[in-house]
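Q: I should like to learn how strand pairing and charged side chains are read in a model of this kind. Could we work through one together, feature by feature?

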Amino acid sequence: QVQLVESGGGLVQPGGSLRLSCAASGSIFRIYAMGWYRQAPGKQRELVAGITSGGVTNYADSVQGRFTISRDSAKNTVYLQMNSLKPEDTAVYYCNADAVSRATLARNNYWGQGTQVTVSA
């Protein structure tokens, strides 16, 4: 199986910055797209940003120009640099990977356990 572990969440003031990291480990044959989703209380989980294995990125309109997704394929790690944070960015942020397990050669969607980001004065 493939495990995803996020880090970097926390409490930050409006206008501040945070950098999230997500490292994939385990029985990895190949990782295709990776991405970050978030879920605020009472709301559905939504895509924040995604990045393909070729480095093509896409962003939610609400974070365009403020957040930057990147990945280090050699380390099986994806990052989310979040700048100019707003209170409405408060949510649990989840890492996602479209990956093939070396053990099963099955392609699945994997999720991390989530990391809390709170933007408050």
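A: Let us begin with a pair of strands. E4 and E9 pair in the antiparallel sense, and nine bridges join them. Within this pairing, Ile 28 stands opposite Ser 101 in E9. Please bear in mind throughout that this is a predicted model.

Q: With which other strands does E9 pair, and in what sense?

A: A strand may be followed through each of its pairings in turn. E9 pairs with strand E11 (residues 115-119) in the antiparallel sense over three bridges, and Val 92 has Gln 116 as its bridge partner in E11. E9 also pairs with strand E10 (residues 107-111), again in the antiparallel sense, over five bridges. In that pairing Ala 99 stands opposite Asn 108 in E10.

Q: How many residues lie between E9 and E10, and which residue in the turn has a positive phi?

A: E9 and E10 form a hairpin with five residues between them. The residue in question is Leu 105, whose phi is about 60°.

Q: How many residues of E9 are buried?

A: Burial is read residue by residue and then collected for the strand. E9 is mostly covered, with 10 of its 11 residues buried.

Q: What is the strand order in the open sheet of four strands?

A: The order is read across the sheet, not along the chain. Here it is E1-E3-E8-E7, with antiparallel pairing. Strand E1 (2-7) and E7 are the edge strands, each pairing on one side only. From one strand to the next, the twist averages 15°.

Q: Which residues serve as reference points across this sheet?

A: One may step from strand to strand through bridge partners. E1 and E3 pair in the antiparallel sense over six bridges, and Ser 7 has Ser 21 as its bridge partner in E3. Ser 21 in turn has Tyr 79 as its bridge partner in E8. Strand E3 (residues 18-26) and strand E8 (residues 77-82) are likewise antiparallel, over six bridges, and Cys 22 stands opposite Val 78 in E8.

Q: Let us turn to charged residues. How many salt bridges does the structure hold?

A: The general idea is that side chains of opposite charge can pair when their charged atoms come close. A search of the whole structure finds four salt bridges. In one of them, Asp 89 and Arg 38 bring their closest N and O atoms to 3.0 Å. Asp 89 lies in the loop between E8 and strand E9 (91-101), while Arg 38 lies in strand E4 (residues 28-39), so this pair links distant parts of the chain, 51 residues apart. Asp 89 is buried, at 1% relative accessible area, and Arg 38 is buried as well, at 6%.

Q: Which other arginine meets Asp 89 in a salt bridge, and is that arginine buried or exposed?

A: Arg 66 meets Asp 89 at 2.8 Å, N to O. Because Arg 66 lies in the loop between strand E6 (57-59) and E7, and Asp 89 in the loop between E8 and E9, the pair ties together parts that are 23 residues apart in sequence. Arg 66 counts as buried, at 12% relative accessibility.

Q: What accessibility do Arg 107 and Asp 98 have?

A: These two side chains meet in a salt bridge at 2.6 Å, N to O. Arg 107 is partly exposed, with a relative accessible area of 49%, whereas Asp 98 counts as buried at 19%. Elsewhere, salt bridges that share partners join Arg 38, Glu 46, Arg 66 and Asp 89 into one network.

Q: Which side chain of opposite charge is nearest to Arg 71?

A: A charged residue without a salt bridge calls for a look at its surroundings. Arg 71, in strand E7 (residues 67-72), is buried yet has no salt bridge; Asp 72, the nearest side chain of opposite charge, is 8.2 Å away.

Q: Which backbone oxygens, then, lie by the side chain of Arg 71?

A: The side chain of Arg 71 reaches the backbone oxygen of Tyr 32 at 2.8 Å. The backbone oxygen of Ile 51 lies 3.4 Å from a polar atom of that side chain. Leaving aside neighbours within four places in sequence, the contacts of Arg 71 include Ala 33, Met 34, Thr 52 and Val 78.

Technical notes. Residues are numbered from 1 along each chain as its sequence is written. This is a predicted model: local features need pLDDT of at least 70, side-chain atom pairs count only at pLDDT 80 or more; totals for chains, interfaces and linings use all residues. Side-chain values use heavy atoms; hydrogens and water are left out. Helices (H or I, at least four residues) and strands (E, at least two) are DSSP runs, numbered from the N terminus. Buried means under 20% relative accessible area, exposed over 50%, partly exposed in between (1.4 Å probe, protein chains only). Lys and Arg count as positive and Asp and Glu as negative; His and the chain ends are not counted. A polar contact is a pair of N or O atoms within 3.5 Å; within protein, one must be able to donate a hydrogen and the other to accept it, and residues adjacent in sequence count only if both atoms are side-chain atoms. Contact means heavy atoms within 4.5 Å. Two strands pair if DSSP finds at least two bridges between them. Axes are lines fitted to C-alpha atoms, for helices over the stretch in contact, and angles run from 0 to 180 degrees between N-to-C directions.
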